[in-house]
Amino acid sequence: MDLVPHSYYLCSAEQSRFMDEKTISEFGIDGFTLMEIAGTRAADFIQSQLPSGSHGVFFCGKGNNAGDALVIARLLSQQGFKITICFLSGTGDLSPDTLENLGLLQKLDEDIELLDWEDFNPSAFDFIVDGMLGTGLNSDVRAPYSDAISWINTQEVPVFALDVPTGLHADSGLILGTAVQADFTLSFGALKTGFYLNQGFDTSGEVILCELSFPNKFKKPTAALIDRSWVEAASPSPKRQKHKYDGGVLYIIAGSEGLTGAGILAAKSVWSAGLGAVVLITPKGLLEIYEKQLVQIIKKPVGDRDDVYFKEEHVEQVLDIIAEKPGKVLIGPGLGRQQETIRFTQSILRNFEGDVLIDADALFALSKMENRKRPEGSNWILTPHPGELKTLFNQEVNDDFDQLNLTKEKAREEKITLLSKGMPSIVGTETGDAYLTGYETRIFSRAGFGDVLAGKVGAYWLKYSSSELACFYGLLDGFQKAQQYFVENSGSLAPIDII
Ligand SMILES: NC(=O)C1=CN([C@@H]2O[C@H](COP(=O)(O)OP(=O)(O)OC[C@H]3O[C@@H](n4cnc5c(N)ncnc54)[C@H](OP(=O)(O)O)[C@@H]3O)[C@@H](O)[C@H]2O)[C@@H](O)CC1
Ligand SMILES: [K+]
């Protein structure tokens, strides 16, 4: 995680509490001050979004999330905003810092309306602030919080959620009963994993990080968000190549009768990422198809003219080809699931002591391999979609949070790089770090798009010699192209469009 700026860290509720407590008890900035900073940053943002004189209703629970709301209400009231504050659990049981902030608010001269939920009179407000529950959410949302949420979600004015939308679990992104549908989430101190997992993506709206004074040494994230800006800053400048083989060759082992499209997409995707040295290894019976479709790419046939899928007897020939020049191997797209092909794939994986990107049908073969073990000295990238992830590790994956945890755990245990496709797509590394996409990546689980992604990851692996950067660039590039295509052509998207 050394390369990632702290602003891209993703934390759990517990990690947020840890930073909070350490900053208070060890570092010596008290909770009241932190709350003032949180509220000040959030008030600045809200003010930037609304005309002065706007009337906001602030829903407050009894914990520190409500304290943040009271700071914001106080500051905005001094800038000409009209303020109504509605307490969901009264004011008799407020946390100490929240109670103190209520006291400050009451010292002001402005006319601030304070009431309990029972007395709340729904009228026209210009904006809503959700300060009901933050990282303290501990079960399905109870009444009357759930009633307030129902009302909020029918309103058409901007909703600003403080720290976490009430009802959304900060870690898992699961909705506990019901949740505030936010237009903006102002996250304090660190972004939360839950914004990007499960329902979090659709519930949090635009996420804004409000930095607090937590020293970096207390920041221990669960994962980090993949963003082009830091990925590019973290990348070494690729070696200037004199010859097209200088960076090494990407050998693609792909395709079988009826599935040659996968091999074609993967090879074209590698080529379009700017890698000149691509060699497609194919059963001889399919060579004619590739000769027509992949003019620029070198093809190396194995076996006989009537071989239309890989067999165990091709192993030696293939191992000889991939030993010819230094490089890496992409195996899997469109291989098919014939028993002989499965045995072929398993034998390649057992015997090739080099870097291998394992995708699609090769993942299936890997999942059927007894005592699977990466050969000494080789590195593996695996790119499973959710179904393949379950099969590979023989474990249930019920939601994105499971997927994150499993990806992290297995990448570390098996010392591999795991690019687990889905929404979000998750990259787990052998050091136990995890990275998430914060954008639409569901597309890579659809037929054909996986082949394109595998090609991109392979190309970038050669370019940067880093399996992690390869995955980041693969995800960023593929997505960027898809988005571009959506903008230029409204309509359906075919994998070939994003190559
Ligand atoms: N301290 C600091 O320095 C800083 C803290 N910050 C802020 O503090 C927030 C965390 O504050 P927090 O820990 O007080 O928890 P919070 O989310 O306000 O609510 C806890 C209350 O909710 C209640 N409750 C729980 N579940 C419920 C349910 N399902 N349905 C209904 N009620 C439920 C629970 O009641 P109980 O179950 O205990 O009766 C408890 O009283 C954090 O998100 C950030 O905004 C930032 O300003 C940075 C500085
Ligand atoms: K909240």
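Select the residues around ligand 1: the shell divides into ten nonpolar, twelve polar and six charged residues. Here Ala, Val, Leu, Ile, Met, Phe, Trp, Tyr, Cys and Pro count as nonpolar, Asp, Glu, Lys and Arg as charged, and the others, Gly among them, as polar. The model is predicted, so local features need pLDDT of at least 70 and side-chain atom pairs count only at pLDDT 80 or more, while totals for chains, interfaces and linings use all residues. Residues are numbered from 1 along each chain as its sequence is written, and chains are lettered from A and ligands numbered from 1 in the order in which they are written.

**The ligand shell**

Stay with ligand 1. Of the 28 residues around ligand 1, those that come nearest are G63, N64, N65, G134 and G136; a residue belongs here if its C-beta atom, placed from the backbone, lies within 6 Å of the molecule. Two elements, α2 (31–49) and α3 (64–77), give two or more residues to this shell. With four residues, α2 gives the most. Helices (H or I, at least four residues) and strands (E, at least two) are DSSP runs, numbered from the N terminus.

**The annotated positions**

Next select N65, D130 and T166, which UniProt lists under "binding site" in an unreviewed entry. They span 102 residues in sequence, but no two of their C-alpha atoms are more than 9.7 Å apart, so they gather at one spot. UniProt positions follow the numbering used here, feature names are shortened, and annotations may be inferred rather than shown by experiment.

Centre on D130, in strand β5 (residues 127–131). D130 counts as buried because it has 31 C-beta neighbours inside 10 Å; the cut-offs are 20 or more other C-beta atoms within 10 Å for buried, 12 or fewer for exposed, and partly exposed in between, with C-beta atoms placed from the backbone. Beyond its neighbours within four places in sequence, D130 is in contact with residues including F59, I152, F160, L162 and T166. Contact requires C-beta atoms, placed from the backbone, to lie within 7 Å.

Move to T166, in the loop between β6 (159–162) and β7 (184–188). T166 also counts as buried, with 28 C-beta neighbours inside 10 Å. Its contacts, leaving aside neighbours within four places in sequence, include D130, M132, L133, Y145 and A179.

Now widen the selection to residues 16–220, covered by the annotation "domain: YjeF N-terminal" in the unreviewed UniProt entry. Over this range the chain is 33% helix and 18% strand, and the end C-alpha atoms are 9 Å apart.

**The twelve-stranded sheet**

Select the strands in the order β8-β1-β10-β19-β18-β17-β16-β15-β14-β11-β12-β13: these twelve form an open sheet with mixed pairing. β8 (191–192) and β13 (298–302) stand at the edges with a single partner strand each, so one side of each is left without a neighbour in the sheet. Two strands pair if DSSP finds at least two bridges between them.

Within the sheet, look at β11 (residues 249–253) and β12 (residues 278–283), which pair in the parallel sense over four bridges. L250 has V278 in β12 as its bridge partner. For the approach to β12, pick G276, in the loop between α8 (260–272) and β12. G276 is partly exposed, with 16 other C-beta atoms within 10 Å. Its C-alpha atom is separated by 9.6 Å from that of G248, 28 residues apart along the chain.

Go on to β14 and β15, which run parallel and are joined by four bridges. V329 stands opposite V356 in β15. In β15 (residues 355–358), D355 and L357 on one side and V356 and I358 on the other are all buried, and both faces are covered. In a regular strand the side chains alternate between the two faces of the sheet.

**Helix α10**

Select α10 (residues 315–322), whose buried residues are V315, V318 and I322. These cover an arc of only 65° around the axis, which puts them on the same side of α10; the arc is that of the directions from the helix axis to the C-beta atoms. On the other side of α10, E316 and D320 are exposed. The buried residues of α10 pack against β11, β12, β13, β14 (327–331) and α11 (339–351).

**The whole chain**

Finally, zoom out. The protein has 16 helices and 19 strands, and its C-alpha trace spans about 90 × 50 × 45 Å along the principal axes. Of the 499 residues, 51% are buried.

Terms used. Two residues are in contact if their C-beta atoms, placed from the backbone, lie within 7 Å.
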